[in-house]
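Dear colleague,

I am passing on the structure we spoke of, with its sequence, so that you can look through it yourself. My notes come after it.

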Amino acid sequence: MVSTVVGRFKRRAPKTARSRRALRKMESKVFENPKTCLFLKGQNTSNVVNTAMKDLKQILKPRVKSLSKRNAFYPFDKGQEHLEFLGHKNDCSLFIFGSDSKKRRDNLVLGRQYDFQVLDMLEVGVIAQDRLMSVKEAVAEGNED
């Protein structure tokens, strides 16, 4: 049984045809698959963060994976290992982590990974927002006049 290492994760040699196909899908290719984005929620999220994340999902729609379970970690404080694991498990190279706390209100952490290791993260505070649907309706009304 031969094991290989991808990022920090060890992978055993495949035993079944199904697992061989799954590994073949993960191999490097001449033309890579488009990047998918993983949406995560922190321990607490406000309504502003939830609506901002919904709008971002609408923009990135076909290439989005959203996890509904709350996560009890923060990306900048020992949370990188969790993000790398979830990125590897869901095969996503981008992530958006939404959270809300007393010190950091309405926060979104945007990040990207390469070879299932976090490259960089950007913390963004949501101050004010309009729903994407309300903007579309305003544009539609403007075109009717």
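Below is what was found, beginning with the overall layout and going on to charges, cysteines and one helix.

Please keep in mind throughout that this is a predicted model. The chain has 145 residues, of which 32% are buried. Its secondary structure comes to four helices and seven strands, and, read from the N terminus, the order of these elements is β-β-α-β-α-β-α-β-β-β-α.

Turning to the charged side chains, the structure holds three salt bridges, which I take one at a time.

The pair that joins distant parts of the chain is E123 with R104, whose closest N and O atoms lie 3.3 Å apart. E123 sits in strand β7, which covers residues 117–125, while R104 belongs to the loop between β5 (94–99) and β6 (107–114), so that 19 residues separate the two partners along the chain. Both ends of this bridge have some access to the surface: E123 is partly exposed, at a relative accessible area of 32%, and R104 is also partly exposed, at 40%.

A second bridge is made by the side chains of D120 and R112, with an N to O distance of 2.9 Å. Here D120 counts as partly exposed at 33% relative accessibility, and R112 is likewise partly exposed, with a relative accessible area of 39%.

In the remaining bridge, R105 pairs with D100, and the closest N and O atoms are 3.5 Å apart. The two partners differ in their surroundings, since R105 counts as exposed at 52% relative accessibility, whereas D100, at 14%, counts as buried.

There is also a patch of positive charge on the surface, in which R18, R20, R21 and R24 gather. Of these, R18 is placed in helix α1, which spans residues 17–26, and R18 is exposed, with a relative accessible area of 66%.

What does a search of the whole structure find in the way of disulfides? The number is zero. C37 takes part in no disulfide, and the nearest cysteine sulfur to that of C37, which belongs to C92, is 7.3 Å away. Why is there no bond at C92? The closest cysteine sulfur to that of C92 is the one in C37, and because the distance of 7.3 Å is too far for a bond, where a disulfide would need the two sulfur atoms within 2.5 Å, the pair stays unlinked in this model. Both cysteines are nevertheless in the interior by the accessibility criterion: C37 counts as buried at 4% relative accessibility, and C92 counts as buried at 2%.

Finally, helix α3, made up of residues 80–90, has a number of buried positions, namely L83, E84, L86, G87, H88 and N90. Just after α3 comes D91, which takes a positive phi of about 55°, and you may wish to look at the backbone of D91 when you open the model.

To draw the main points together, the predicted model has three salt bridges, a surface patch of positive charge that includes R18, and zero disulfides.

With best wishes

Conventions
Residues are numbered from 1 along each chain as its sequence is written. This is a predicted model: local features need pLDDT of at least 70, side-chain atom pairs count only at pLDDT 80 or more; totals for chains, interfaces and linings use all residues. Side-chain values use heavy atoms; hydrogens and water are left out. Patches are made of residues with over 30% relative accessible area and no salt bridge: like charges are joined within 9 Å, nonpolar side chains (Val, Leu, Ile, Met, Phe, Trp, Tyr) within 5 Å. Accessible areas come from the Shrake-Rupley method with a 1.4 Å probe; for residues, only the protein chains shown count as cover. A salt bridge is a side-chain nitrogen of Lys or Arg within 4 Å of a carboxyl oxygen of Asp or Glu. Lys and Arg count as positive and Asp and Glu as negative; His and the chain ends are not counted. The place of a charge is taken as NZ of Lys, CZ of Arg, CG of Asp or CD of Glu. Helices (H or I, at least four residues) and strands (E, at least two) are DSSP runs, numbered from the N terminus. Buried means under 20% relative accessible area, exposed over 50%, partly exposed in between (1.4 Å probe, protein chains only).
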